[in-house]
Amino acid sequence: MKKINLRSDDGWTFMETLIVIAIILVLTSSVGFVAIQNLDRAKVATARSQISAFSVALESYYIDNGRYPTMEQGLSALWQKPTVEPVSPLWNGPYLLRPVPKDPWGNDYEYRVPGQHGLPYSIRSFGRDGREGGEGKDADITSWEN
């Protein structure tokens, strides 16, 4: 049987440790960049999904009340009975599963009656920059182009 001799200088050197740390940093930073790109796409998909859910809820509201909520009542009329006139006695909500959220960037959705392009209503998230218009990651997400 061979005898193993362990000396106090066996093990990792300082340089080997630095190389391993550098490799780990390179790998984690590349994963981070990919995750950030997917996060932006996920926020756009979430906004589109929420706008679609609002549209379904607005149609249910219309069926019960014979009209859409006014701009003053806003999307919150889908969650709780409006207190701003005209208040319909036929309100049968809530029409959403939870209160109206802010868009994925933390801004309120814009709700308009009548809507864009002759539609009865329109819903818009102003995107990442929170301002009308924009391109790429700052583009608006709308119910009429959803």
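This note sets out numbered points on the pocket, the aromatic residues and the salt bridges of a predicted model.

1. **Largest pocket.** The volume of the largest pocket is about 150 Å³. Its lining consists of Gln-50, Ala-53, Phe-54, Leu-96, Leu-97, Arg-98, Pro-99 and Pro-101. Sorted by class, these lining residues are six nonpolar, one polar and one charged.

2. **Surroundings of Trp-79.** Trp-79 sits in the loop between α1 (14-65) and β1 (110-112). Its contacts, leaving aside residues up to four places away in sequence, are Trp-91, Pro-94, Leu-96, Leu-97, Arg-98 and Pro-99. Leu-96, Leu-97, Arg-98 and Pro-99 also appear among the residues that line the largest pocket. Trp-79 and Val-100 are 21 residues apart along the chain, and their C-alpha atoms are separated by 6.9 Å.

3. **Exposure of Trp-79.** Is Trp-79 buried or exposed? Neither term applies in full: Trp-79 has a relative accessible area of 30% and is therefore partly exposed, since that class lies between the limits of 20% and 50%.

4. **Aromatic pairs.** Across the whole structure, a search finds five aromatic pairs. In the pair of Phe-54 and Tyr-109, the ring centres are 5.2 Å apart and the planes stand at 85°, so the arrangement is edge-to-face. The angle decides this label because planes over 60 degrees apart count as edge-to-face. Phe-54 belongs to helix α1 and Tyr-109 to the loop between α1 and β1, so the pair ties together parts that are 55 residues apart in sequence.

5. **Burial of the Phe-54 and Tyr-109 pair.** Phe-54 has a relative accessibility of 3% and counts as buried. Tyr-109, at 10%, counts as buried too. Phe-54 is also one of the residues lining the largest pocket.

6. **Aromatic cluster.** Which residues form one aromatic cluster? The members are Tyr-61, Trp-91 and Tyr-95. Trp-91 is in addition one of the residues that Trp-79 touches.

7. **Salt bridge of Asp-108 and Lys-102.** The structure holds seven salt bridges. One joins the side chains of Asp-108 and Lys-102, with an N to O distance of 2.7 Å. Asp-108 is exposed, its relative accessible area being 52%, whereas Lys-102, at 46% relative accessibility, counts as partly exposed.

8. **Salt bridge of Arg-112 and Glu-110.** Between Arg-112 and Glu-110, the closest N and O atoms of the salt bridge are 3.4 Å apart. Arg-112 counts as partly exposed at 33% relative accessibility. Glu-110 has 16% relative accessibility and so counts as buried, because the class requires a value under 20%.

9. **Salt bridge of Glu-132 and Arg-124.** How far apart are the closest N and O atoms in the salt bridge of Glu-132 with Arg-124? The separation is 3.6 Å. Glu-132 is exposed, with a relative accessible area of 62%, while Arg-124, at 7% relative accessibility, counts as buried.

10. **Salt-bridge network.** Through shared partners, salt bridges join Glu-110, Arg-112, Arg-124, Glu-132 and Asp-140 into one network. The network thus includes both the buried Arg-124 and the exposed Glu-132.

Definitions and conventions:
Residues are numbered from 1 along each chain as its sequence is written. This is a predicted model: local features need pLDDT of at least 70, side-chain atom pairs count only at pLDDT 80 or more; totals for chains, interfaces and linings use all residues. Side-chain values use heavy atoms; hydrogens and water are left out. On a 1 Å grid over the protein atoms alone, a cavity is a set of points where a 1.4 Å probe fits but cannot get out, and a pocket is an open set with protein on both sides within 12 Å along at least five of seven lines; lining residues have an atom within 4 Å of a point. Grid points are joined across faces, edges and corners, and a volume is the space filled by probe spheres set on the points. Ala, Val, Leu, Ile, Met, Phe, Trp, Tyr, Cys and Pro count as nonpolar, Asp, Glu, Lys and Arg as charged, and the others, Gly among them, as polar. Helices (H or I, at least four residues) and strands (E, at least two) are DSSP runs, numbered from the N terminus. Buried means under 20% relative accessible area, exposed over 50%, partly exposed in between (1.4 Å probe, protein chains only). Contact means heavy atoms within 4.5 Å. Rings of Phe, Tyr and Trp (its six-membered ring) pair if their centres lie within 6.5 Å; planes under 30 degrees apart count as stacked, over 60 as edge-to-face and the rest as tilted. A salt bridge is a side-chain nitrogen of Lys or Arg within 4 Å of a carboxyl oxygen of Asp or Glu.
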